[in-house]
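Please look over the sequence and the 3D structure shown below. The paragraphs after it go from single residues to whole chains and back again.

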2 protein chains.
Amino acid sequence: MMKVVSSSQLPRGNPRVARTRANVLAVARGLLPEVGVDGMTYSLLAQESGVTRQTLYRHWPTRGALLFDVILHGPEVGYPEQGTDVRTVAVAWLRSLRAGLSDPATRAAVLAVTARADHDQESARALVQVGVDRHAALNQLLLPSGRQLTADQYTLLYSPVMCRLFLELREVSDEFVDTVVDQWLATL
Amino acid sequence: MMKVVSSSQLPRGNPRVARTRANVLAVARGLLPEVGVDGMTYSLLAQESGVTRQTLYRHWPTRGALLFDVILHGPEVGYPEQGTDVRTVAVAWLRSLRAGLSDPATRAAVLAVTARADHDQESARALVQVGVDRHAALNQLLLPSGRQLTADQYTLLYSPVMCRLFLELREVSDEFVDTVVDQWLATL
């Protein structure tokens, strides 16, 4: 089975650059639930992470790009493996989504970016990009199954988990994940 | 067919009281997309709607209660009718949801309440209450069909529309509504 690149792995290359990125992202993730997106200015982030604002802009030319990385490069939550069985991959995917969104910084970033997307182009771009990236990542995991999901199919799979967490403020149980995947598979 | 009470009808009773409520809600809906939830204080709302803060507190003891009404008492968008056919009612429900969320004040209120629910009890209560209220309202429409939806079934129905609108920032087409309902019915 092919090794899949986890969303939370940092880019290779110059180790000092990679360390700087990882450090800044960790600081940003710590700050976000406290100060919110509006409060997390590049000035504050530079001060707290001990790099210059110029360095921040070199890594993340827009705050949308930074928020994108904050959302996707969270703590390691057990990234799912590729597989031949669509059900197995889909269940693992939704459990991984649930785990990722149990992290306060990821939660805060997703909520903030979503709320701002109506009036802020950078947030809108980050939000759409996260969705496109995750859809592609799931299709990558599904390669051995021979099945690739359309945008509609992807939406139907992840939506109930997002709404249960963010709108209903309820736990996502293993049973709920199974129910979602069962219904989803019925018409796939 | 029984007449169904629309979510946007105002309470009957004293007409002056009803007028005051309707007026304040209209002002609140106008302010919200401009000033946000944080900016929409009872002081500002009292000033803009020409009533005292005491009157506001009498009608809405908490801002959560006010936000609940702002979300649910939007412009009339064609509230669905009761029906014997589950598919017909479900399609009408999702189209009505789409129409309601195309209103900027409703959108702004839903987004703000969702983003705040993580750290603000009032917003969390308003958000959960909206969901419970809508689930009950849909079951009311489904009475003639003899079918009543569980919480899981309700989540599976509305979630894809919410995520398409608020996370993917895409239009909800009639075809997408049909796709959602078809899949949903397959395992109902």
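A residue counts as buried when its relative accessible area is under 20%, as exposed when that area is over 50%, and as partly exposed in between. Leu169(A) has a relative accessible area of 31%, and therefore Leu169(A) is partly exposed. The model in view is a predicted one, and every value in this text was computed.

Start with where Leu169(A) sits. In chain A, helix H8 covers residues 151–166 and helix H9 covers residues 174–186, and Leu169(A) belongs to the loop between them. The backbone angle phi of Leu169(A) is near 55°, a positive value in a residue that is not glycine. Most residues other than glycine have a negative phi. Chain B offers a matching place to look: Leu169(B) lies in the loop between helix H8 and helix H9 of chain B. Leu169(B) also has a positive phi, about 55°, although it is not a glycine. With a relative accessible area of 30%, Leu169(B) is partly exposed.

How are the two chains related? A rotation of 180°, with 0.0 Å of shift along its axis, superposes chain A on chain B with an RMSD of 0.0 Å. The two copies are thus related as by a two-fold rotation axis. The contact surface follows this pattern, as 100% of the contact residues of chain A recur in chain B, and the same surface serves both copies. To find the axis in the picture, look for Ser159(A), which comes closest to the axis of the residues of chain A, with its C-alpha at 2.6 Å.

Now take chain A as a whole. What kinds of secondary structure elements does chain A have? There are nine helices and zero strands in chain A, and reading along its sequence gives the pattern α-α-α-α-α-α-α-α-α. In an α-helix there are 3.6 residues a turn, so residues three or four places apart point the same way.

The overall dimensions of chain A come next. Along the principal axes, its C-alpha atoms fill a box of roughly 50 × 35 × 25 Å. A compact globule of 188 residues would have a radius of gyration near 16 Å, and the 17 Å of chain A agrees with this. Of the 188 residues in chain A, 53% are buried. Counting the contacts in chain A between residues at least 6 apart in sequence, 66% join residues at least 24 apart.

Turn to the outside of chain A. About 8,800 Å² of area is exposed, and 52% of it is supplied by carbon and sulfur atoms. Chain A carries 19 positive and 19 negative side chains, and the centres of the two sets are 7 Å apart.

Single helices show how parts of a chain come together. In chain A, Ala22(A) is in helix H1, which covers residues 15–39. Ala22(A) and His73(A) are 51 residues apart along the chain, yet their C-alpha atoms are separated by 9.0 Å. Because its relative accessibility is 28%, Ala22(A) counts as partly exposed.

Why is helix H4 of chain B described as largely enclosed? Nine of the ten residues of this helix, residues 63–72, are buried, so the rest of the structure largely encloses it. Among these buried residues are Leu66(B), Leu67(B), Phe68(B) and Ile71(B), and the list also includes Arg63(B) and Asp69(B). The cover over the buried residues of H4(B) includes helices H1, H2, H6 and H7 of chain B.

Helix H7 also holds a buried residue worth finding in each chain. Asn139(A) lies in helix H7 of chain A, residues 121–141, and its relative accessibility of 11% makes it buried. Apart from residues up to four places away in sequence, Asn139(A) touches Gln148(A) and Leu149(A). In chain B, Asn139(B) lies in helix H7 and counts as buried at 10% relative accessibility. Asn139(B) touches Gln148(B) and Leu149(B), again leaving out residues up to four places away. Asn139(B) and Ala126(B) are 13 residues apart in sequence, and their C-alpha atoms are 20 Å apart in space.

Finish with His59(B). This residue is in helix H3 of chain B, residues 53–59. Is His59(B) buried or exposed? The relative accessible area of His59(B) is 19%, so it is buried. Apart from neighbours within four places in sequence, His59(B) is in contact with Val17(B), Thr20(B) and Arg21(B).

Notes. Residues are numbered from 1 along each chain as its sequence is written. Chains are lettered from A and ligands numbered from 1 in the order in which they are written. This is a predicted model: local features need pLDDT of at least 70, side-chain atom pairs count only at pLDDT 80 or more; totals for chains, interfaces and linings use all residues. Side-chain values use heavy atoms; hydrogens and water are left out. Helices (H or I, at least four residues) and strands (E, at least two) are DSSP runs, numbered from the N terminus. The radius of gyration is taken over C-alpha atoms; the globule rule is 2.2 Å times the number of residues to the power 0.38. Buried means under 20% relative accessible area, exposed over 50%, partly exposed in between (1.4 Å probe, protein chains only). Contact means heavy atoms within 4.5 Å. Accessible areas come from the Shrake-Rupley method with a 1.4 Å probe; for residues, only the protein chains shown count as cover. Lys and Arg count as positive and Asp and Glu as negative; His and the chain ends are not counted. The place of a charge is taken as NZ of Lys, CZ of Arg, CG of Asp or CD of Glu. Copies are superposed by least squares on the C-alpha atoms of residues with pLDDT of at least 70 in both.
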